[in-house]
Amino acid sequence: MITEKNFSINSKYDAVLIGAGIMSATLALLISELFPDINILVIEKLSTSGQESSGAFNNAGTGHAANCELNYTPTDENNKINIEKALSINNSFEESLNLWAYLYERDQINIKNFLTFLPHISFVNNSEDVAFLKKRFELMKKCREFQDMEFTTSYDEISNWSPLIMKDRDNKQKIAATRLKRGTDINFEALTREYFKYLSRKANFEISYNTNLLNLKRIKNHEWDLYVSKDGNKKILKANFVFIGAGGKTINLLQKSNIPESKNYGGFPVSGKWLISENQELNLNHHAKVYSKAPIGSPPMSVPHLDSRWIDGKKYLLFGPFAGFTTKFLKKGSYFDLFDSFKKDNLLPIFDVGFKNFELIKYLALQLLKIIYQELRIFKKSCHLLVKRIGI
Ligand SMILES: Cc1cc2nc3c(=O)[nH]c(=O)nc-3n(C[C@H](O)[C@H](O)[C@H](O)COP(=O)(O)OP(=O)(O)OC[C@H]3O[C@@H](n4cnc5c(N)ncnc54)[C@H](O)[C@@H]3O)c2cc1C
């Protein structure tokens, strides 16, 4: 039974957005621009915004515009390359650029705090993929969106575009690359901060940190009760509109809402990790996002890329992502998140996804084994050290 205690937020809002990641930040901004009279509350269980998937080091920071991601142009069973998805993603990203330009011109956000222009490169290194890249380039180049795309098979030119990719490479390998100079690196954590900084200047916008959504119930159409807690105090909020932007935890909260749309969905616990270089000499030698092709049968998140990143004024180099298995849905989540999301209605769909993506399951199992092996080695080393220290 929740007893109402007052903490410094009101009891009723037009819109309550759960989670202070890039999704809630973007939606709050759009609602506020389109309906300036609406009062909005964002609640976040952590003490600041953008610390989960939107955190600067928790994603690749690619402004996805289909300039270099080869999985946006799949080949069909007749060996035809389909570029529809690439065009649609490119157009969506143009809309983001337009929004940022609009806000920047009005002094509402500072683009330099989160966006850096840098080339996007696709790189392949076998005959089959070279043929694919060339065909793809010829198709895309015809479209206005990709008319500035360059293609080369020259070792010298690719070395010039991306010296680290070519260092010590066997010069008998068949290689090719495409480049679009107008790509971007986006710091989503900084962008989230920019949006909230701007929104916080408005009288009818509030953000409440260290505030956890425990449960939610639809009373009737456009009327919700939200059970929240802050510093041990609990409170019931009323909202006409609720958006669950809780990242990985969204599935658990959606299930608690009990709305029909929450049925049959499951969460797949895949994490992504990076090798991060802080070696400035190395980092300054690379100036691009270079995406390659995952080996046949590998899951899409195993597409390797080497990314220049700018985070809080410093240049980094990220290589990855290395996908892994975890039962937590958030970095600062609980190991019970996955088990908590198993419901009668979603067990079948979850197993169906598992069977249809057997390669992904195999890949995750291997990653898990690697982690266990690594942990065991660390444990063995610690035991040796301990034995040495106490002199047994
Ligand atoms: C390895 C990897 C690489 C990626 N690379 C890219 C890329 O290059 N480009 C790109 O565009 N996207 C990329 N993404 C995807 C992108 O990072 C996510 O889509 C995006 O950050 C999701 O934002 P979000 O706001 O939905 O979630 P999050 O950023 O996870 O935010 C959710 C927030 O909700 C809060 N929360 C959770 N539960 C509660 C609760 N009960 N009460 C209150 N608050 C709660 C959390 O604390 C968190 O702050 C990548 C993702 C991964 C994993």
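Me: What makes Leu366 part of a helix?
Reply: Leu366 is found in helix α11 of this predicted model. Helix α11 spans residues 358-390. A helix here is a DSSP run of at least four residues.

Me: Why is the group with Phe325 and Leu366 called a nonpolar patch on the surface?
Reply: Phe325, Leu366, Leu368, Leu369, Ile372 and Leu376 form the patch. Patch residues need over 30% relative accessible area, and nonpolar side chains are joined within 5 Å, so the name follows from these cut-offs. Together the six have about 530 Å² of accessible area. Helix α11 supplies the largest share, five residues.

Me: Why does the pair between Glu44 and the ligand count as a polar contact?
Reply: An N or O atom in the Glu44 side chain lies 2.6 Å from a ligand oxygen. The limit is 3.5 Å, so the pair counts.

Me: What makes the Ile22 and Ser53 pairs polar contacts?
Reply: Here the backbone takes part. For Ile22, a backbone N or O atom is 3.2 Å from an oxygen atom of the ligand. For Ser53, a polar backbone atom is 3.1 Å from a ligand oxygen. The cut-off is 3.5 Å, so both pairs qualify. The protein covers 82% of the 1000 Å² of accessible area that the ligand has on its own.

Me: How do you know that two domains line the ligand?
Reply: Domain 1 (1-61 + 187-245) and domain 2 (63-184 + 270-325) each give at least three residues to the shell.

Me: Which element gives the shell its largest share?
Reply: Strand β9, with three residues. α1 (22-34) and β12 (270-277) each supply at least two.

Terms used:
Residues are numbered from 1 along each chain as its sequence is written. This is a predicted model: local features need pLDDT of at least 70, side-chain atom pairs count only at pLDDT 80 or more; totals for chains, interfaces and linings use all residues. Side-chain values use heavy atoms; hydrogens and water are left out. A polar contact is a pair of N or O atoms within 3.5 Å; within protein, one must be able to donate a hydrogen and the other to accept it, and residues adjacent in sequence count only if both atoms are side-chain atoms. Accessible areas come from the Shrake-Rupley method with a 1.4 Å probe; for residues, only the protein chains shown count as cover. Domain bounds come from an automatic or database domain assignment. Patches are made of residues with over 30% relative accessible area and no salt bridge: like charges are joined within 9 Å, nonpolar side chains (Val, Leu, Ile, Met, Phe, Trp, Tyr) within 5 Å. A salt bridge is a side-chain nitrogen of Lys or Arg within 4 Å of a carboxyl oxygen of Asp or Glu.
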